[in-house]
Amino acid sequence: MARLDVILTDEAPIPTSGYSQALRHGNLLVTSGYLGTAADGSGLVSGGFETEARQALDNIEVVLQEAGCALADVIRVNVSLTDINRFAEMDAIYCEYFSEPYPTRNTIGVRELWGGAQVGFDVWAIVDAE
């Protein structure tokens, strides 16, 4: 089996079931999906779509930092929206977090996300070998 490094930080929601915050193999890092949940485990943040999207991306950012990389190192983003009509709203927020060259991205509409969340993200990143 490939050697996998488990990434874990208490600055993002701690896994309470069978998943890791992120796994690293060599210089490839893959995160789990993140919603707009508070790092302290208290559940989904209040404030609506924008607040959820920002919290989800903030959660990813701290996991990336724990792994020794940043949003600028992300090469792939997967986005799940419970209302695909919010694509433009998500994209505007997304463009505040990511810059050119933008990562590749897949955005899908889903029926439901955990806890009634409206948006979720997961990313793949390259960690510089040092």
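Here is a chat between a student and a tutor about the predicted model shown above.

Student: Let's start inside. Which element gives the largest share of the largest nonpolar core?

Tutor: In general, nonpolar side chains in soluble globular proteins tend to be buried together. Here the largest nonpolar core has 29 residues, and L29, L64 and F121 touch the most other members. The elements giving two or more residues to this core are α1 (49-66), β4 (74-81), α2 (87-97) and β6 (119-126). The largest share, seven residues, comes from α1.

Student: You mentioned F121. Which residues is F121 in contact with, leaving aside its neighbours within four places in sequence?

Tutor: F121 is one of the residues touching the most other core members. Leaving those sequence neighbours aside, its contacts are S32, G33, Y34, A53, A56, L57, I60, V77, N78, V79 and M90.

Student: Okay, and L29? In strand β3, which side chains point to the buried face?

Tutor: Strand β3 covers residues 28-31, and its side chains alternate between two faces. L28 and V30 point to one face and are not buried. The other face, with buried side chains, belongs to L29 and T31.

Student: What does L29 pair with as a bridge partner in β2 and β3?

Tutor: Strand β2 (residues 22-25) pairs with β3 in the antiparallel sense, over four bridges. The two strands form a hairpin with two residues between them, and G26 in the turn has a positive phi of about 60 degrees. Within that pairing, the bridge partner of L29 is R24.

Student: β3 pairs with β6 too. Which residue in β6 stands opposite V30?

Tutor: β3 and β6 pair in the antiparallel sense, over three bridges. V30 is on the face of β3 that is not buried. Opposite V30 in β6 stands W124.

Student: How far apart are the C-alpha atoms of W124 and R76?

Tutor: R76 is found in strand β4. Leaving aside neighbours within four places in sequence, R76 is in contact with P103, T104, R105, N106, D122, V123 and W124. R76 and W124 are 48 residues apart along the chain, yet their C-alpha atoms are separated by 5.0 Å.

Student: Is R76 buried, exposed or partly exposed, and why?

Tutor: Buried means under 20% relative accessible area and exposed means over 50%. R76 has a relative accessible area of 28%, so R76 is partly exposed.

Student: Now for charges. How far from E52 is the nearest side chain of opposite charge?

Tutor: E52 is found in helix α1. Leaving aside neighbours within four places in sequence, E52 is in contact with G36, L44, V45, A117, Q118 and V119. E52 is buried yet has no salt bridge. The nearest side chain of opposite charge is R86, at 7.4 Å.

Student: So who does R86 form a salt bridge with?

Tutor: In general, side chains of opposite charge can pair when their charged atoms come close. R86 is partly exposed, with a relative accessible area of 26%. In its salt bridge the closest N and O atoms are 3.0 Å apart, and the partner is E89.

Student: How many salt bridges does the structure hold?

Tutor: One of them joins R3 and D5, at 3.0 Å from N to O. There is also a network of salt bridges linking E50, R54 and E96. The total for the structure is five.

Student: Which residue forms a salt bridge with R105, and where is that residue found?

Tutor: The closest N and O atoms of this salt bridge, R105 with D91, are 2.9 Å apart. The pair links distant parts of the chain, 14 residues apart, with R105 in strand β5 (residues 104-109). D91 is partly exposed because its relative accessible area, 24%, lies between the two cut-offs. The residue asked for is D91, in helix α2.

Student: Last one, on rings. What is the angle between the planes of Y94 and F98?

Tutor: The structure holds two aromatic pairs. Y94 and F98 form a tilted one, 4.7 Å centre to centre. Both residues are buried, and ring pairs link Y94, F98 and Y102 into a cluster. The angle between the planes of Y94 and F98 is 35 degrees.

Methods. Residues numbered from 1 in each chain as written. Predicted model: local features only at pLDDT ≥ 70, side-chain atom pairs only at ≥ 80, totals over all residues. Heavy atoms only, no water. Core = buried A, V, L, I, M, F, W, Y, C linked by side-chain atoms within 4.5 Å. Buried < 20%, exposed > 50% of the residue type's maximum accessible area, 1.4 Å probe, protein only. Contact = heavy atoms within 4.5 Å. Lys, Arg positive; Asp, Glu negative; His and termini not counted. Salt bridge = Lys/Arg side-chain N within 4 Å of Asp/Glu carboxyl O. Pairing = 2+ DSSP bridges. Phe/Tyr/Trp six-rings, centres within 6.5 Å; stacked < 30°, edge-to-face > 60°.
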